[in-house]
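Me: Please take a close look at one part of this chain for me, the one that a record labels as its C-terminal domain. I'd also like to know how the rest ties in with that part.

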Amino acid sequence: MTHVLAFDLGASSGRAMLGRLVDGKIEIEELHRFSNDPVQAGGRLHWDILRLLHELKQSLLKAKHRGVVIDSIGIDTWGVDFGMLDRSGELLGNPIHYRDPHTNGKMESVFEKVPAEEVFARTGIQFMSINTLYQLASLSDAGSVLVREGREFLMIPALLRYYLTGEKHNEFSLATTTQMFNPLSGDWDGRLLEAIGVDPALFAPVVQPGTRVGRLSSALCEELGIESAPVIAVAEHDTGSAVAAVPAKEQAFAYLSCGTWSLIGTEVAEPVLTERARELNFTNEGGVYGTYRLLKNIMGLWILQECRRAWEREGHSYSFPELVQLASAAEPFAAFIDVDDELFLQPGDMAAQIRAYCARTGQKAPEGPGAYVRAILEGLAFKYRHALEQTEELAGVQFGGLHMVGGGIQNTLLCQWTANAIGKTVWAGPTEGSAIGNMLVQWITNGDLKDIWEARRAVSESFPVTVYEPGERESWNSAYDTFKAKTGLIDSI
Ligand code: ADP
Ligand code: LRH
């Protein structure tokens, strides 16, 4: 029996999952799970890349101890971040975390060189200060060694793959998240790179999801005492892998990938580069097999994660299920927050940020953890409705319901409130969407599944889906109006 191994690294945790296909059904097994803890050092927030590499090696050892033969391996991670290699292939510095504040104000300074309209026309990507374009602009302006001495730009999965195989390739789905990749030319956008003072020669051509990109190196195999195995560039953007695993039967479907971030949208054949898409600040990220992911990045459960961390620092430890329980007992529609406000982007005491938001918008601050969590979850559900309506407008489709995947679907209250807010059915599952999508592309490449639609059918036949029907609508509709008034969000046409 052969297996594929999926490394799926989210912003809060990573896992190594073994997958096998048995009579067309998918079976998955968690080999290893580890937290992904950013590290503040030298005035910068970093990813602990060598710790992550260590965890991948631990996973390979666990696979060895399980006695399984690995057919192939794929890696997916969060978007936008990267490492830079020097002329001898050494990593320059520890990769910087997208939440480091060095990109504050950088969007505006890039737009002085290339107008925002042109940036969107060239990339089709949502304007967010975390995008690689603004990270590199900041490093370039600061005369960073990464820009001066860098010879090879590798996004996080490509960097990890380089350490496992010695090969260097970036992958398409992830490349698009940088806002430096032009979907029309199918290549890195030289004009944008030159405008920010970065040499386009640092960017090797990208490979498509499903490309075989090397094998575990002999040095690594010797170190771990393991057999080599092929490595496949899957949809190396975790959201790209999650969307690949949505168990949709219809071609036009809506999804919400729910984890540290919330990504809501639909799959399209071509990027939507219209004026309206730019105005609504939508994104067109690369998908699998020639598709694009027309979606909106929403701040997501990050705010809840940060609240939990802050309460822990104060000596109050809550599990996620406990927080959900407290929220369900709190008063409904007491405070309305726009989860995408910039107050919530950087790490910190989110309860204090919520109080600041309430003060700014003339609302009474929540009292007690349950009230804070309630405001966050309701705020997310309202934002999902807002973005789903905009997706429908841009794609010209009315969706019958919403597929939710990712770790966040374990929050059953959020799933139910999402159904209430959007007034449509929510189908929740699978939880491990990204890891499963990672596996699907490997199986298609290996010839074990025919195409993405056979793969999605296998997902729907292998994993339970929980159905949430919208409950009482009147109070959610009138609360949505209050939400828009308090947050100042505009309506879709
Ligand atoms: P990422 O891949 O971005 O690191 P995940 O998809 O693993 O994130 O989702 C993590 C989120 O899922 C957590 O922030 C938390 O809000 C939610 N979550 C995880 N487990 C539970 C649970 N048992 N009950 C409720 N929510 C949960
Ligand atoms: C979700 C995600 C999202 C964004 C963000 C940086 O994990 O990949 O799609 O790109 O992280």
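Reply: Over residues 254-443 the chain is 46% helix and 17% strand, and the C-alpha atoms at the two ends are 24 Å apart. Helices here are DSSP runs of H or I with at least four residues, strands are runs of E with at least two, and both are numbered from the N terminus. This is a predicted model, where local features need pLDDT of at least 70, side-chain atom pairs count only at pLDDT 80 or more, and totals for chains, interfaces and linings use all residues. Residues are numbered from 1 along each chain as its sequence is written, while chains are lettered from A and ligands numbered from 1 in the order in which they are written.

The label comes from UniProt, where an unreviewed entry lists residues 254-443 as "domain: Carbohydrate kinase FGGY C-terminal". UniProt positions follow the numbering used here, feature names are shortened, and annotations may be inferred rather than shown by experiment.

Let's zoom in on a helix. In α13 (residues 320-329), Leu323, Val324 and Ala327 are buried. Buried means 20 or more other C-beta atoms within 10 Å of a residue's own, exposed means 12 or fewer, and partly exposed is in between, with C-beta atoms placed from the backbone. Those three cover an arc of only 100° around the axis, so they end up on the same side of α13. The arc is taken from the directions that run from the helix axis to the C-beta atoms. Flip to the face turned away from the buried side and you'll find exposed residues, Pro321 and Ala329. The cover over the buried residues of α13 includes α12 (302-313), α15 (369-395) and α16 (412-422).

Follow the chain on from there. Phe333 is in the loop between α13 and α14 (350-360), and its phi is near 50°, a positive value in a residue other than glycine. Phe333 counts as partly exposed, because it has 16 C-beta neighbours inside 10 Å. Another backbone detail is the cis peptide bond that joins Gly429 and Pro430, with omega about 0°. Pro430 belongs to the loop between β20 (425-428) and α17 (433-446).

Now for Leu489, in the segment after α19 (474-487). Leaving out residues up to four places away in sequence, Leu489 touches Asp338, His386 and Lys484. Touching, or contact, means that two C-beta atoms, placed from the backbone, lie within 7 Å. Leu489 is partly exposed, because 15 other C-beta atoms lie within 10 Å. Leu489 and Leu216 are 273 residues apart in sequence and 49 Å apart in space, C-alpha to C-alpha.

So much for that part; here is how the rest ties in. The domain assignment gives domain 1 (2-233) and domain 2 (248-429 + 463-493), with bounds taken from an automatic or database assignment. Their centres, taken over C-alpha atoms, are separated by 26 Å. In all, 20 residues of domain 1 are in contact with 19 residues of domain 2. On the domain 1 side of that contact, α3 (116-123) and α7 (172-176) are the elements that give two or more residues. The biggest giver on that side is α7, with four residues. By type, the touching side of domain 1 has 11 nonpolar, seven polar and two charged residues. (Ala, Val, Leu, Ile, Met, Phe, Trp, Tyr, Cys and Pro count as nonpolar, Asp, Glu, Lys and Arg as charged, and the others, Gly among them, as polar.)

Glu118 sits in helix α3. Glu118 is partly exposed, because it has 14 other C-beta atoms within 10 Å. Its C-alpha is 9.5 Å from that of Leu192, 74 residues away along the chain.

UniProt has a label on this side too: in an unreviewed entry, "domain: Carbohydrate kinase FGGY N-terminal" covers residues 4-242. That span is 34% helix and 28% strand, and its end C-alpha atoms lie 17 Å apart.

One last helix to set beside α13: in α1, the buried residues are Leu52, Glu55, Leu56, Ser59, Leu60 and Ala63. They cover an arc of only 145° around the axis, which puts them on the same side of α1. Exposed residues Leu50, His54 and His65 are on the face of α1 turned away from the buried side. Among the elements covering the buried residues of α1 are β1 (2-9), β6 (69-77) and α9 (218-224).
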